[in-house]
Amino acid sequence: MTDLTFAFTEAERLPAADRDAILENPGFGDHFTDHMVSITWTKDAGWHDARVMPYGPIAMDPASSVLHYGQEIFEGLKAYRRADGSIVTFRPEENARRLNESATRLALPQIPVELFVEATKQLVAVDAEWVPSGADQSLYIRPFMIADESFLGVRAAQRARFMVIASPAGPYFSGGVKPVSIWLSQDFARAGHGGTGAAKCGGNYAASLLPQNVAAENGCQQVLFTDADNPDVIDELGGMNLFLVRGDSTLVTPALNGNILPGITRKSLIQLAQDRGYAVEERAVTVTEWREGVADGSIVEAFACGTAAVITPIGQLKSPDFTIDFGDRAPGEFTLSLREELTGIQYGSREDRHGWLEEI
Ligand code: PLP
Ligand code: COI
């Protein structure tokens with residue numbers, strides 16, 4: 001609990017028939033629920049003015065720092081409707097902690113973990129009817145923090161706003177659990193040493209859009225970023241972490257080296273794989289190792305993971321110089337079974353043995 005009380009202003013809700021039509025086929029990030037949360041921070045007063053209010057445009061001074069210097073961070077988590085109708089979120093404290101790590105890097109204020117969790121709960125509770133119940137559907141929750149001091153000097157803002165919005169979601173990639181093609185971007189880096197690669201800040205995603213366009217032009221759904229200094233060393237995808245699966249029951253994934261986002265799905269899958277007796281190696285991983293491992297049969301599967309993407313098999317790696325098709329571009333057995341286990345925990349068909357779920 002938190003000692004801030006949320007003021008509540010009821011929205012004019014979308015008629016149930018219209019909402020249900022959206023929930024039939026929500027897409028990803030296209031529709032938003034009836035309410036949003038807003039909490040203000042000032043250097044002098046700390047966090048105050050917590051509100052659950054109608055979803056809608058926010059008035060902002062054109063000199064707000066976020067519009068000029070990009071002082072912005074965000075999170076992504078999901079609420080799941082289980083077979084008995086109850087609603088849970090997955091490891092929200094982890095998102096709160098990561099938001100605070102991003103806040104440190106972007107010189108934004110820390111938000112108490114309980115306040116973050118309470119804000120997400122309040123929004124999901126008031127808009128519970130927006131949590132879909134179809135297969136692979138969820139309510140995607142997007143907490144974010146922006147610097148909204150009106151000041152053009154370049155320094156950390158003394159006024160910020162934390163908000164939470166929510167959007168009903170189907171699969172991030174259309175076509176179900178179909179393997180995706182990824183584009184190896186060695187011309188553009190996502191992060192450099194000492195930069196903001198480990199923070200979830202808007203600027204990282206802005207920088208990923210040009211390479212993402214190049215990927216799309218080459219028929220790929222995601223970009224694989226490599227180390228800015230060593231283009232053979234794999235970092236992560238534009239919006240997901242990456243795992244290779246070896247035939248000797250070992251998972252390999254790039255270590256949290258400061259350049260990549262510490263994914264909560266990544267962390268959870270490491271735990272689930274170890275529970276199954278798999279060894280997990282968190283270390284530098286190279287494109288060469290991947291290509292050679294596929295060629296000699298020691299690397300049998302590869303997948304991407306993240307809140308939006310869940311676990312998505314990788315079927316093809318393309319670059320200007322080569323194209324590799326993995327496993328005839330069919331989803332791998334281990335990838336599918338790990339996906340089934342994770343989503344089983346989230347949707348309630350499997351035991352939550354690590355205590356990851358938070359009831360709304
Ligand atoms: N890497 C990047 C760049 C991301 O945007 C995301 C998504 O949030 C991830 C990895 C996966 O993180 P998580 O599993 O916490 O969603
Ligand atoms: C998420 O998985 O939450 C992200 O932020 C990634 C983005 C591709 C939607």
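This is a dialogue on reading strand 10, a helix residue, the nonpolar cores and a ligand shell in a predicted model.

Visitor: Where should I begin with strand 10, and is strand 10 enclosed or open to the outside?

Guide: Begin with burial, where the cut-off is 20 or more other C-beta atoms within 10 Å. Five of the five residues of strand 10, residues 222-226, are buried, so the strand is largely enclosed by the rest of the structure.

Visitor: Which residues of strand 10 lie on one side and which on the other?

Guide: The general idea is that in a regular strand the side chains alternate between the two faces of the sheet. In this case Q222, L224 and T226 are on one side, with V223 and F225 on the other, and both faces are covered, since each of these residues is buried.

Visitor: In what sense does strand 10 pair with strand 9, and in what sense with strand 11?

Guide: Pairing is read from the bridges between two strands. Strand 9, residues 180-185, pairs with strand 10 in the parallel sense over four bridges, and F225 of strand 10 is the bridge partner of S185. With strand 11, residues 234-237, strand 10 pairs in the antiparallel sense over three bridges, and there I234 of strand 11 is the bridge partner of T226.

Visitor: What unit do strand 9, helix 5 and strand 10 make?

Guide: Together with helix 5, residues 202-217, the two strands make a β-α-β unit, and this unit is right-handed.

Visitor: How should I read R339: is R339 buried or exposed?

Guide: R339 has 19 other C-beta atoms within 10 Å, and therefore counts as partly exposed. R339 sits in helix 8, residues 333-347, and, leaving aside neighbours within four places in sequence, R339 is in contact with V177, V310 and I311. N259 is 80 residues from R339 along the chain, and their C-alpha atoms are separated by 26 Å.

Visitor: How many residues has the largest nonpolar core, and which have the most contacts inside it?

Guide: The largest nonpolar core has 42 residues, and L123 and L139 are those with the most contacts inside it. Among the elements that give two or more residues to this core are helix 3 (92-105), helix 4 (113-126) and strand 7 (138-147). Beyond four places in sequence, the contacts of L139 include V124, W130, V131 and A166. A second, separate core has 37 residues, including Y172, A302, F303 and L338.

Visitor: Which residues are around ligand 2, and how do they divide by character?

Guide: Around ligand 2 are G76, G239, G306, T307 and A308. This shell divides into one nonpolar, four polar and no charged residues, with Gly counted among the polar ones.

Terms used
Residues are numbered from 1 along each chain as its sequence is written. Chains are lettered from A and ligands numbered from 1 in the order in which they are written. This is a predicted model: local features need pLDDT of at least 70, side-chain atom pairs count only at pLDDT 80 or more; totals for chains, interfaces and linings use all residues. A residue is near a molecule or strand if its C-beta atom, placed from the backbone, lies within 6 Å of it. A residue is buried if 20 or more other C-beta atoms lie within 10 Å of its own, exposed if 12 or fewer, and partly exposed in between; C-beta atoms are placed from the backbone. A crossover is right-handed if, with the strands pointing away from the viewer, the path from the first strand over the helix to the second runs clockwise. Two residues are in contact if their C-beta atoms, placed from the backbone, lie within 7 Å. A nonpolar core is a set of buried Ala, Val, Leu, Ile, Met, Phe, Trp, Tyr and Cys residues joined through C-beta atoms within 7 Å.
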